[in-house]
Structures are given as C-alpha cells and as structure tokens.
Amino acid sequence: MFRKKTVPDDASLDIKSEHKLSNFGSISSIFKGNTSSQNVEPEPAESVSEEYVPLEADVVKPSTNKAVKLIQEVQKLEDRTIKPFVDYNEGLLFYPILSKIGEMQDNVTCLDDLVSDGILEKQVYEKLIVCPAHPETFSSSMRLYCPKCHSMNVEKLNLFEHKKCGYITESLNFDFSDHDNSTCPSCKKPIKNFEKEVRVPAMWYQCDDCEEKFDNAVIKLHCRKHEHDFDTNSGQFITTFSYKLKNSEISINSDTNQIKDELLKLLQGFNFNAKLNISIKGKSENVHEIPIYAKSKNSDESILIFIRNQSTGVDQSDMNSILVPKLDIDPTHTLLVTVSGINDGIENLAQHYGIELISEQDFSQILSRVEEFVSEWYSQKGGKK
Ligand SMILES: [Zn+2]
Ligand SMILES: [Zn+2]
Ligand SMILES: [Zn+2]
C-alpha cells in the first residue's frame with residue numbers, strides 16, 4: 001500500500017538520515033536556532049510536519065529539511081559554491097540562496113554551522129577595501145589626481161605607432177578609437193587589426209588644469225556614501241567568503257537520483273510497477289521509506305532496492321537499517337547497490353539476511369548488474385507459467 005510519495009529530491013538524504021541521524025541532528029538544531037531569532041515569519045516547514053506519516057528511524061525533521069534543501073540548491077549552482085552578493089549602495093553583504101530555504105539572506109551563521117558540520121567549505125571570495133572611517137560602507141571607488149595642483153581633471157594620454165610605416169603620434173592628435181575602421185594619418189593605409197598593427201610605446205597623464213604631464217597620478221580611494229577620499233594604504237580590508245559544497249558522501253548522493261531514475265526505467269521495462277521514494281507499510285503496520293520499490297504486474301513478487309554510498313564503505317549499520325524494512329515488508333528480493341567499498345564481513349551478513357549486494361565502481365556497471373539480476377529472475381518467473 002502506498003501511503004505517501006515524497007519528492008524524489010529528498011530521497012538521497014532520506015537515505016542518509018537513516019545511518020547518519022546524529023550528523024543531521026546537529027544541522028537541525030542550527031536551523032531551528034537561527035530561525036527563531038532571525039526570521040519574523042513563522043517557519044513554513046513546521047506546519048507541513050503535520051502531514052508527515054510518523055515513521056520510526058526514517059523521520060526527517062522539517063528543520064533538517066531546510067539543511068537538505070539548501071544542499072540541494074547548492075548542488076544546482078556552478079562549482080557547487082554559494083557566492084556572496086554585495087550591495088555597494090547599502091553596504092550589505094548577503095547570500096540570496098538563503099531565501100530559497102526561508103532564511104534571512106544575511107544569516108551567515110547557518111552557513112557557518114554547515115561548515116562546522118563538514119558539509120560546506122568556507123573559502124575567501126574577495127577582499128574589499130573599505131573606508132577606515134566608515135567600514136560598514138562597502139562602496140569606494142578609485143580617483144586620480146594631478147600631483148601638482150590636485151585637480152581631478154586628468155587625462156590619460158599615450159602614443160600610437162603604426163608599425164608598418166613607423167609613424168608615431170599622440171592619441172589626442174588622431175582618433176584610433178574605432179579599432180575596426182581606421183586609417184593611418186601618415187601612410188593612409190587602412191588599419192584592420194588594431195591590436196596587431198598598432199603599438200602603444202608610451203603612456204602618461206596630463207592635467208587639463210595646470211598642463212602638467214606626469215607618469216603616475218595620485219591615486220585615492222573615495223568613500224562614495226560619505227563623499228570623502230582616503231589613502232589607499234589607510235583602507236581597511238573586509239573579507240568576504242564563499243561556501244563550497246564539500247566532496248563528501250552528500251555530493252555522491254546527489255548522483256543517486258540519476259541511478260534511481262535509471263533503475264526505475266529498467267524495472268518498468270521488465271513489466272514492474274516501480275516507484276521511487278515511497279512509503280510502504282509492513283506487516284507490523286509500521287511505515288518504511290523505500291528508495292525504490294517495484295511490484296510485478298503479473299504476480300505477487302516484489303523487490304526493494306536500497307542505495308548506500310559513503311566514503312567509509314558500507315558497514316553493519318547500513319545492513320541493519322535495511323534489514324528492518326526488509327523483514328517487515330518481506331519482498332521477494334532485496335537489493336543493496338553501492339559505488340562505495342564494502343567493509344569486512346558485510347558480504348556474509350548480506351548473504352545471511354538474504355540481501356543481494358551489488359557493489360561496482362560506477363553507476364553504469366551497477367545498472368547492468370541489476371539488469372542481469374532482474375532478467376534472470378524474470379526468466380525464472382516466465383518458466384513457472
Ligand atoms: Zn568614509
Ligand atoms: Zn594639475
Ligand atoms: Zn602608417
């Protein structure tokens with residue numbers, strides 16, 4: 001009986017939560033803490049919790065879902081990196097992605113907490129130079145001044161040399177600004193490729209007020225909001241950070257959605273009624289979250305498929321978490337597929353429990369092993385008829 005179908009995206013972490021409850025417990029506490037202090041709106045996920053079928057170990061708390069959702073959002077991002085957004089006018093630094101999970105966009109704490117949880121990696125994004133008197137204002141721009149009269153009325157000048165004929169002129173004397181369509185004022189030949197045909201042998205500044213020519217202008221930073229200059233050396237640094245999703249089991253899990261879809265198609269091809277991320281009630285009336293469940297359309301036979309990927313390898317606790325639903329639902333076959341290693345003694349354990357273990361380097365190999373298994377089973381069923 002199918003009581004509930006969860007969003008497929010949640011499944012990868014549903015699986016994880018079964019054997020890593022402690023880890024996500026700490027994440028959930030973070031999200032709870034921050035929500036109450038920073039969010040004016042009531043947490044929308046809380047109300048959803050009423051609809052959840054109470055499951056035993058499979059329960060994913062709504063606050064944990066926030067962390068899960070954030071991770072899923074990060075997986076969609078380029079480089080799996082959350083980058084800061086700086087509002088230079090208001091002097092605000094924020095992370096727009098946080099709004100997607102119902103958090104305030106400047107709630108950096110919840111990102112930092114995911115760093116302590118080993119989910120995200122904090123990296124220096126950039127160093128902003130800010131006004132020493134108004135460090136809260138991020139907006140500063142560079143200004144050039146004449147070293148003699150301190151006028152800002154400074155022009156940048158350079159020489160152009162037409163390589164072909166050797167003619168050299170000041171940029172003011174002739175306009176080479178249209179790079180695609182210019183002619184040399186001396187030899188009158190067309191210049192088609194400015195970069196290649198024209199050299200810039202010298203560059204300097206000239207003050208339009210006092211006519212002074214100089215190589216180095218005085219450079220000042222300008223605090224735009226409070227309208228004053230400050231010395232470049234007196235500026236303060238503000239470090240902004242980006243957050244990169246670590247290459248952990250979570251990133252592996254992101255790929256499990258793909259293998260799940262492939263397995264689903266495979267089973268449907270064998271005339272199974274197959275479902276992803278489904279809640280199944282066992283003999284004990286307890287409900288279990290199953291990543292893949294398929295029932296034959298021709299008989300009472302059924303199959304459960306579990307996916308476990310973790311860097312430390314499949315271990316006994318993984319087997320235990322599978323055994324509970326397997327015994328309660330009692331399908332014809334139970335598969336555990338993984339791209340991770342398998343710890344000592346697990347193969348024996350699987351055999352003892354009647355769980356088929358498929359461990360391969362990559363998903364395509366897993367897929368063909370599952371296909372082999374199902375086609376063999378299917379041909380036996382056909383033989384029975
Ligand atoms: Zn200032
Ligand atoms: Zn001047
Ligand atoms: Zn020329």
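A residue is called buried when its relative accessible area is under 20%. This report uses that term in describing a predicted model, beginning with its two zinc sites.

**The zinc sites**

The zinc ion (ligand 1) is held by two cysteines and two histidines: Cys131 (SG), His134 (ND1), Cys223 (SG) and His228 (NE2). Both histidine 134 and cysteine 223 are buried. The donors of the zinc ion (ligand 2) from the protein are Cys146, Cys149, Cys207 and Cys210, each through its SG atom. The table sets out the two sites.

| Site | Donor distances | Angles among the 4 donor atoms | Spacing in sequence |
|---|---|---|---|
| Zinc ion (ligand 1) | 2.0 to 2.4 Å | 100 to 119° | C-x2-H-x88-C-x4-H |
| Zinc ion (ligand 2) | 2.2 to 2.4 Å | 104 to 119° | C-x2-C-x57-C-x2-C |

Why is the arrangement around the zinc ion (ligand 1) tetrahedral? The angles subtended by its 4 donor atoms run from 100 to 119°, which makes it so. Four donors count as tetrahedral if all angles lie between 85 and 135 degrees. The site of the zinc ion (ligand 2) is tetrahedral as well, with angles of 104 to 119°.

The spacing of the donors along the chain shows which parts each ion joins. For the zinc ion (ligand 1), the donors follow C-x2-H-x88-C-x4-H. Histidine 134 belongs to the loop between β5 (120-130) and β6, and cysteine 223 to strand β14 (residues 218-223), so this pair ties together parts 89 residues apart in sequence. For the zinc ion (ligand 2), the spacing is C-x2-C-x57-C-x2-C. Cysteine 146 is in the loop between β6 (140-145) and β7 (154-162), while cysteine 207 is in strand β12 (residues 203-207); the pair therefore ties together parts that are 61 residues apart in sequence. Cysteine 146 and cysteine 207 are both buried.

**Aspartate 229**

Strand β15 (residues 228-231) contains aspartate 229. This residue counts as partly exposed because its relative accessibility is 30%. Leaving aside residues up to four places away in sequence, aspartate 229 touches Arg143, Tyr145, Lys220, Leu221 and His222. Aspartate 229 and serine 141 are 88 residues apart in sequence, with 9.3 Å between their C-alpha atoms.

**A pair of helices**

The axes of helix α8 (residues 316-329) and helix α9 (residues 346-353) come within 10 Å and cross at roughly 10°, which means that α8 is roughly parallel to α9. Helix α8 contributes Gln316, Met319, Asn320, Leu323 and Lys326 to the contact, and helix α9 contributes Ile346, Leu349, Ala350 and Tyr353. Of the residues in this contact, 6 are nonpolar, 2 polar and 1 charged.

How values were computed:
Residues numbered from 1 in each chain as written. Chains lettered and ligands numbered in written order. Predicted model: local features only at pLDDT ≥ 70, side-chain atom pairs only at ≥ 80, totals over all residues. Heavy atoms only, no water. Donors = N, O, S within 2.8 Å, 3.2 Å for Na, K, Ca; no water. Tetrahedral: all angles 85-135°; square planar, octahedral: opposite > 155°, others 65-115°. Helix = DSSP H or I, 4+ residues; strand = E, 2+ residues; numbered from the N terminus. Buried < 20%, exposed > 50% of the residue type's maximum accessible area, 1.4 Å probe, protein only. Axes fitted to C-alpha atoms, helices over the stretch in contact; angles between N-to-C directions. Parallel < 35°, antiparallel > 145°, perpendicular 65-115°, else oblique. Contact = heavy atoms within 4.5 Å. Nonpolar A, V, L, I, M, F, W, Y, C, P; charged D, E, K, R; others polar.
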